[in-house]
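Colleague: I'm new to this one and would love a friendly tour. Could you show it to me, and then I'll ask about what I see?

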Amino acid sequence: MVVFPKIEVLPRYAVSYLRVSTAKQTEESKTGIKRQEQAWDNWLAAHPEYNSWTEKFQDLGVSGRGTNLCKGALALFVEKAERGEFPPKTCLVVESISRLTRDVPKEGLRLIIRLFDMDFSVAVCDWGGQILTEQQDMVFMQLSGAFAMANMEVEEKRSRIIGYHDEKLARFK
């Protein structure tokens with residue numbers, strides 16, 4: 001009789017990251033936080049092979065244009081990851097790419113490469129909960145396009161706000 005050694009299967013962990021840009025979006029009547037928390041809960045239910053990491057990372061009222069990666073909860077997550085505080089194969093879960101970053105595509109890709117280099121994956125809930133890894137064909141093109149769209153969205157909002165304020169100032173002249 002052949003006896004095979006028992007293979008230990010290490011648990012996989014998923015970490016939640018959510019972000020809203022303004023303090024106003026943190027109010028109870030706003031749905032951004034609840035929507036992102038619900039997406040996290042749904043993702044976990046659909047991926048029972050992952051255990052929820054106890055610490056959640058939330059940037060509340062923090063811009064996704066670099067601030068969250070420099071001094072926010074996302075920065076803390078990356079620091080802890082680089083110190084080895086999470087096991088390999090950890091999956092960072094976000095509701096949408098725009099919650100992760102609204103920075104230019106090059107900076108978004110730098111973040112993703114840092115995560116992939118640590119043997120992490122990223123799951124995007126509004127992409128059907130898809131888990132993105134470095135090994136997938138087209139993943140960098142897919143992400144680059146998504147980062148570009150998220151960045152364009154914030155630029156359009158910025159332009160509208162500036163136009164509104166310019167119009168208001170013109171009325172007082």
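Modeller: Gladly! Please keep in mind that this is a predicted model. Let's start with the aromatic rings, where a search of the whole structure finds nine pairs.

Colleague: How are the rings of Phe86 and Phe120 arranged?

Modeller: A ring pair is described by the distance of the centres and the angle of the planes. For Phe86 and Phe120 the centres are 6.3 Å apart and the planes stand at 80°. An angle over 60 degrees counts as edge-to-face, so the pair of Phe86 and Phe120 is edge-to-face.

Colleague: How many residues apart in sequence are the parts that this pair ties together?

Modeller: Phe86 sits in the loop between helix 3 (73–82) and strand 4 (91–94). Phe120 belongs to the loop between helix 5 (105–117) and strand 5 (121–124). Both Phe86 and Phe120 are buried, and their pairing ties together parts that lie apart in sequence by 34 residues.

Colleague: Which residues do ring pairs link into a cluster?

Modeller: Phe86 is a good place to look, as its contacts beyond four places in sequence include Trp53, Phe57, Phe77 and Phe120. Contact alone is not a ring pair, though: the ring centres must lie within 6.5 Å. The cluster that ring pairs link is made of Tyr13, Trp53, Phe57, Phe77, Phe86 and Phe120.

Colleague: Which residues have the most contacts inside the largest nonpolar core?

Modeller: In soluble globular proteins, nonpolar side chains tend to be buried together. Here the largest nonpolar core has 28 residues. Strand 1 (12–20), helix 3, strand 4, helix 4, helix 5, strand 5 and helix 6 (139–172) each supply at least two residues of this core. Those with the most contacts inside it are Tyr17, Phe77, Phe86, Leu92, Leu100, Leu115 and Leu143.

Colleague: And Leu44: buried or exposed?

Modeller: Leu44 is part of another core, of ten residues, which lies apart from the largest one. Beyond four places in sequence, Leu44 is in contact with Ala14, Tyr50 and Ser52. Its relative accessible area is 19%, and the cut-off is under 20%, so Leu44 is buried.

Colleague: What arc do the buried residues of helix 1 cover around the axis?

Modeller: Helix 1 runs over residues 32–46, and its buried residues are Gly32, Ile33, Gln36, Ala39, Trp40, Trp43 and Leu44. They share one side of helix 1, while Lys34, Ala45 and Ala46 are exposed on the other side. The buried residues are placed on the same side because the arc they cover is only 130°.

Colleague: Which residue shares a polar contact of 3.0 Å with the side chain of Ser98?

Modeller: Ser98 lies in helix 4 (residues 97–100) and is buried, at a relative accessible area of 14%. Residues more than four places away that touch Ser98 are Arg19 and Ala150. The polar contact of 3.0 Å joins the side chain of Ser98 to that of Ser96.

Colleague: One last thing: Lys89 and Met138 have positive phi values. What relative accessible area does Met138 have?

Modeller: Phi is near 75° in Lys89 and near 70° in Met138. Lys89 lies in the loop between helix 3 and strand 4 and, at 37% relative accessibility, counts as partly exposed. Met138 is in the loop between strand 6 (130–132) and helix 6. Met138 is exposed, its relative accessible area being 54%.

Key:
Residues numbered from 1 in each chain as written. Heavy atoms only, no water. Helix = DSSP H or I, 4+ residues; strand = E, 2+ residues; numbered from the N terminus. Buried < 20%, exposed > 50% of the residue type's maximum accessible area, 1.4 Å probe, protein only. Contact = heavy atoms within 4.5 Å. Polar contact = N/O pair within 3.5 Å; in protein donor to acceptor, adjacent residues only side chain to side chain. Phe/Tyr/Trp six-rings, centres within 6.5 Å; stacked < 30°, edge-to-face > 60°. Arc of directions from axis to C-beta. Core = buried A, V, L, I, M, F, W, Y, C linked by side-chain atoms within 4.5 Å.
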